[in-house]
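Hi everyone, thanks for making time today. Let me bring the sequence and structure up on the screen, and then we can walk through a few places together.

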Amino acid sequence: MKKLILWCMLFVFGITSAQKYYTKTGTTNFKASVEAFEPVEATSNSTTVILNTENGDLAALLFIKSFHFKVALMEEHFNENYMDSDKYPKATFKGKLANFDMSALSSSPKEYTLEGTITVRGKTKEISTKANVYLEGDKIMIESFFSVKPQDFDIDIPSIVREKIAKEINLTLNYELIKKK
């Protein structure tokens, strides 16, 4: 009986001791602009991100319709013609900050390799990029950048606008995570 109680205590402690940091207001920007044409860029300020500080596991969820453009018609075309956001309403990322060490964080950015899979429009792609991670007070800041191609996610660009949209879409991530209670 004592062993069972001890095992249960260790199990509960193991679950509750995992420290997680999160945000529901992460910023994700994308740019698919080509010089000499109208900028194709948008921002989402509602990316949800969770980081497990014990092992560096990172998960993110972004609703496609949360991307906002300066030009309303461009936003409408993005959602209806390219992203089919009624059928595929979200994009997700599941991955890891390789060799993440919470105790090594300070106010100076530390570079980690961010690896995982991004899923957009039901298509999954492996990603490997760099992420700068640092502390700002009691918050963990994560900044990263990577590029994807529309064809990676079966996004068809009509020939009439193909020259006005970049062949690679640049994504910039800026997340401010707080400790989950």
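Let's begin with a question: in which loop is aspartate 84 found? Before I answer, please keep in mind that this is a predicted model. Aspartate 84 sits in the loop that runs between helix H2, residues 72-82, and strand E4, residues 90-97. Its backbone deserves a look: aspartate 84 is not a glycine, and yet its phi is positive, at about 50°. Is this residue buried, exposed or partly exposed? Aspartate 84 has a relative accessibility of 28%, so it counts as partly exposed.

Now let's move along to asparagine 99, in the loop between E4 and strand E5, the latter covering residues 110-120. Here, too, we have a residue that is not a glycine but has a positive phi, about 55°. Asparagine 99 counts as exposed, because its relative accessibility is 74% and the cut-off for exposed is over 50%.

Next, the strands. How many of them close into a barrel, and in what order? Eight do, following the order E1-E2-E3-E4-E5-E6-E7-E8, with antiparallel pairing. From one strand to the next, the twist averages 25°. As a quick reminder, strands of a sheet pair through backbone hydrogen bonds, either parallel or antiparallel.

To finish, let's zoom in on one pair. Strand E7, residues 139-148, and strand E8, residues 169-179, run antiparallel and are joined by nine bridges. If you'd like a spot to find on the screen, look for phenylalanine 145, which stands opposite threonine 172 in E8.

Thanks for listening, and I'm happy to go back to any of these places.

Definitions and conventions. Residues are numbered from 1 along each chain as its sequence is written. This is a predicted model: local features need pLDDT of at least 70, side-chain atom pairs count only at pLDDT 80 or more; totals for chains, interfaces and linings use all residues. Side-chain values use heavy atoms; hydrogens and water are left out. Helices (H or I, at least four residues) and strands (E, at least two) are DSSP runs, numbered from the N terminus. Buried means under 20% relative accessible area, exposed over 50%, partly exposed in between (1.4 Å probe, protein chains only). Two strands pair if DSSP finds at least two bridges between them. Axes are lines fitted to C-alpha atoms, for helices over the stretch in contact, and angles run from 0 to 180 degrees between N-to-C directions.
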